[in-house]
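Let's take a walk through this one, going from the overall layout down to a single pair of residues. Have the viewer open as you read.

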Amino acid sequence: MRFYYGDSVNFSAALKQGTTTGYFLSRGGGLWCIAALFIAVCVSIPVLVVTSSVFVPTGEVWDHLAATVLPRYMTNSALLLVGVGIGTFIVGVGTAWLVTMYQFPGRALFEWALILPFAVPAYVLAYTYTGIFEFAGPVQTMMRDVFDWSRQDYWFPVVRSLSGAMWMMTFVLYPYVYLLSRAAFIEQSFCVFEVSRTLGCTRLKSFFSVGLPLARPAIVAGMTFALIETLNDFGTVEYFAVDTLTTGIFRTWIGLGQPVVAAQLAAILMSFVFAVVLLERWTRGHSKVHHTSTRYRTLPRFRLPVAMALGASLMCFLPIFFGFLLPGSALIVWSIETAEEMLNADFFTYAFNSFLLASVTAALAVLIGLFLAYGQRLKPGFVMAAATKIASLGYAIPGAVIAVGVLIVYTTVDRTIDGWFREAFGISTGLILTGTVAGVVIAYLVRFLAISLSTAEAGLSKITPNMDAAARTLGHAPGTVLRRVHAPLMWGSVLTAAMLVFVDVMKELPATIILRPFNFDTLAIRAYQLASDERLADSSNSALAIVLVGIIPVIALSVAIARSRTGHVHD
Amino acid sequence: MTTKDTMNGIHVENVSHRYDGPPVLQDMSLDVGSREILTLLGPSGCGKTTMLRLLAGLEDLQEGRITVDGRVLADGVVNVPPEERSVSLLFQDFALFPHLTVINNVIFGLKGWPSSERRARALHVLDQVGMTDFADVYPHQLSGGQQQRVALARARGPRPRIMLMDEPFSNLDTTLRRQVRDIVLWVLQNSVSATIMVTHDSEEAMFMSDRIAVVNEGRIVQMGTPDELYGNPVNSFVLGMFGEVNRMEGHVLAGHIETPLGQVCAPNLPDGTPAEVLVRAEGVRLDPGSSIVGEVMTSRMLGRARLLHLDLEGSDGGPLHVHARIRDIDRTGIKGEVGLSLDDQHVFVFPRTDVK
């Protein structure tokens, strides 16, 4: 067996250098690397500029911020992280354990329905909850009517608060933790969970002594995603008037007109992101968890006694209810109520703008993703690896930070181009990047390139180098191989990547707010503006449209989960 | 079978190759006639796979020359691309196209054939490997053995002049492996291709090949028919490739070497030469009359033979562990001390290269 593995590895490694597109590469290998580096630079420069802004002295303004609001920004951001961390952990891991280990009414349904809240952006949830639960909302109004109370007579949780923001984000972000820990529970089950049972541990004890520790890397990875999204959030905290680093960036930039200080705040926000990522690395530590068995099968699930089974059903139902059903129904009701007034030509302009941005970005992201993924396969070396790594860093960086960076860097580029054209041709080009949709698209690419890149890599890994060799020796030129073997095999991955980027762009708020051209509004912007004007019901059409688009990949994922018998999420 | 004098078949002349670092192939020359099957046998990393890649045109030749049927495929200047070489490859991972049905996998290789004949040709080669019933099935629905049979049909489809096989059976379990290699051998013997196979499994090499080239560290150590290599290995490396050996050391004294298993002839070595004595497991015989005794530690029935684990007193006084493969498999009751002798045709003496 050793021989076989050794040889197989050697052969693949050797073959990498002579594959189909290797042919193209041998004619332009240098160009490929240069182009990849160029992409990496374009993508990373905004972030680098933000980071380096720390070293620019800004004196008074900074001192003022540090003395007044900065501590509050940082405390709130940190508290938010802790709250969302705890919330997503309990909800995500708890439901994942229940659906993998126990049998109770509705389990099969919950198994896939638990990811539905993915479709709802946190800010949309914030708007809906405010609409439902605020003082003038239907719930409190009804309570006052029924019990004949007035304002002083009862206590009701304040939706628009720090803890409210924690709840909102927990409800929409726990699916990250749920998905990853569920997969981990299923994978580990066969090899070790049964062993632990035979060694005398009860189910519950096995959960704490075996299940949880083994799933730790997956759980931490899921929480890392959730926390990065938490730091990225602008809509929720802004609407709830919770001052965080993200809202601080906006206030300093737009309110105070201090781009450098805003960039410095952005740098602090990034240090939070790095702290989260480092924490994940550190938690993973030296205890690498390897799966000792490659065979997975569905465990015989333990049938819970009636009372506990109902409890389990309720525990799985509540997150779906609060994260999807409740806000979804509210949006539908309000949309119908306001349809006549709000579904006008403007709405369709916003929808078109969103669609335009999302499709252009998706197409570019997929092209660049394919380009880099192929490059890495054909020219496996330090340059390509580094370029790819750098290009996918953006996913961890909050949209506001990226926007600030893009604006600083590409305004300079714009000015340079403009100056050059004035000198050479006597015409002004204006701000051709930051003054147009190009700026927004660049920011989206910086943030979402990682998605299309990893999907392209996954798709490409299905095409073994031997398939290339087989196709070539069977008489087909490189171009034909690309068309007849690679294209059909990559098609699914390409569509998936395009869909994921499309949906993320539809939802994106902070970067869009900062970078969109004057008078160019999208559905997300529209929802945000109307909600800011306290026209919550009016904002529901735009919000609903975003949720409806967002639900497409979620359904695709759900179907995959429902289909996968062994519990593996097929791509 | 060699065809050095004719133009037919594969001619590899003085090929050397290196990636970054030490050379993986050094001055390698080969001739394979059409209808002939040559196997490159060697441990992993010995350069045999690189040879296949050079032949297929998947790698640019750096030094030397490769001609097939008199036509230069590569000589460092000319480099015919793989699709124009009339080469077919068989891989250990089968490399079938997952998005094409079995028959379309085969048809994929029939480029340049009249479209009216493609389907018939594909069905014909599928029939040769017994896979016609699966023509419209997708590869993932097939077992490993079936996939490799389809891969063989696909490789045979265009009637290649060269057939290259890279560990074609190593992904199959033992039973399937026997079946599949039987089919492969049968199909190859009914074709005019020159075949080069690469493997690390000597039994497979002997089963499949007309000739074997034992390769180590990028060089051909010995090339010949399986009989020649088995009967007259040039050194301990070649001997070691063909089955289990017991190794002992000693010095030549008057044309002989004393070993714990008795005296061994070493007629061509001068006195005092440090030498290694290698005895195949099948060369250790039970001999009740012998004064050399060993103690049976374990006795295991292996099917065609019985393997005995024996303990003897070594020449340095310490214990020596020896394996003996004996034919009379019925002797379940072997235990205790047994007399031993050597079968000369399985005993080999080589001067030691690791000491002066």
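How far apart do the C-alpha centres of domain 1 of chain B and domain 2 of chain B lie? In this predicted model, the answer is 39 Å. Domain 1 covers residues 10-239 of chain B, and domain 2 picks up at 244 and runs to 351. Where the two domains touch, domain 1 of chain B puts in four residues and domain 2 of chain B puts in five. The domain 1 side of that contact has two nonpolar and two polar residues, with no charged ones.

Now zoom out to chain B as a whole. Its C-alpha trace spans about 75 × 50 × 35 Å along the principal axes. There are eight helices and 20 strands to keep track of. Of the chain's 356 residues, 42% count as buried. As for the contacts in chain B with a separation of 6 or more, 64% of them come from residues 24 or more positions apart.

Next, pick out one sheet in chain B. Three strands line up in the order β11-β14-β20, giving an open, antiparallel sheet. Why do β11 (245-251) and β20 (347-351) of chain B each have one side without a neighbour in the sheet? Both stand at the edges with a single partner strand, so nothing in the sheet flanks that other side. From one strand to the next, the twist averages 25°.

Finally, follow β11(B) to its partner. Strand β14 of chain B, residues 274-280, pairs with β11(B) in the antiparallel sense over seven bridges. For one of the residues to look at, go to Glu249(B): its bridge partner in β14(B) is Glu276(B).

Terms used. Residues are numbered from 1 along each chain as its sequence is written. Chains are lettered from A and ligands numbered from 1 in the order in which they are written. This is a predicted model: local features need pLDDT of at least 70, side-chain atom pairs count only at pLDDT 80 or more; totals for chains, interfaces and linings use all residues. Domain bounds come from an automatic or database domain assignment. Two residues are in contact if their C-beta atoms, placed from the backbone, lie within 7 Å. Ala, Val, Leu, Ile, Met, Phe, Trp, Tyr, Cys and Pro count as nonpolar, Asp, Glu, Lys and Arg as charged, and the others, Gly among them, as polar. Helices (H or I, at least four residues) and strands (E, at least two) are DSSP runs, numbered from the N terminus. A residue is buried if 20 or more other C-beta atoms lie within 10 Å of its own, exposed if 12 or fewer, and partly exposed in between; C-beta atoms are placed from the backbone. Two strands pair if DSSP finds at least two bridges between them. Axes are lines fitted to C-alpha atoms, for helices over the stretch in contact, and angles run from 0 to 180 degrees between N-to-C directions.
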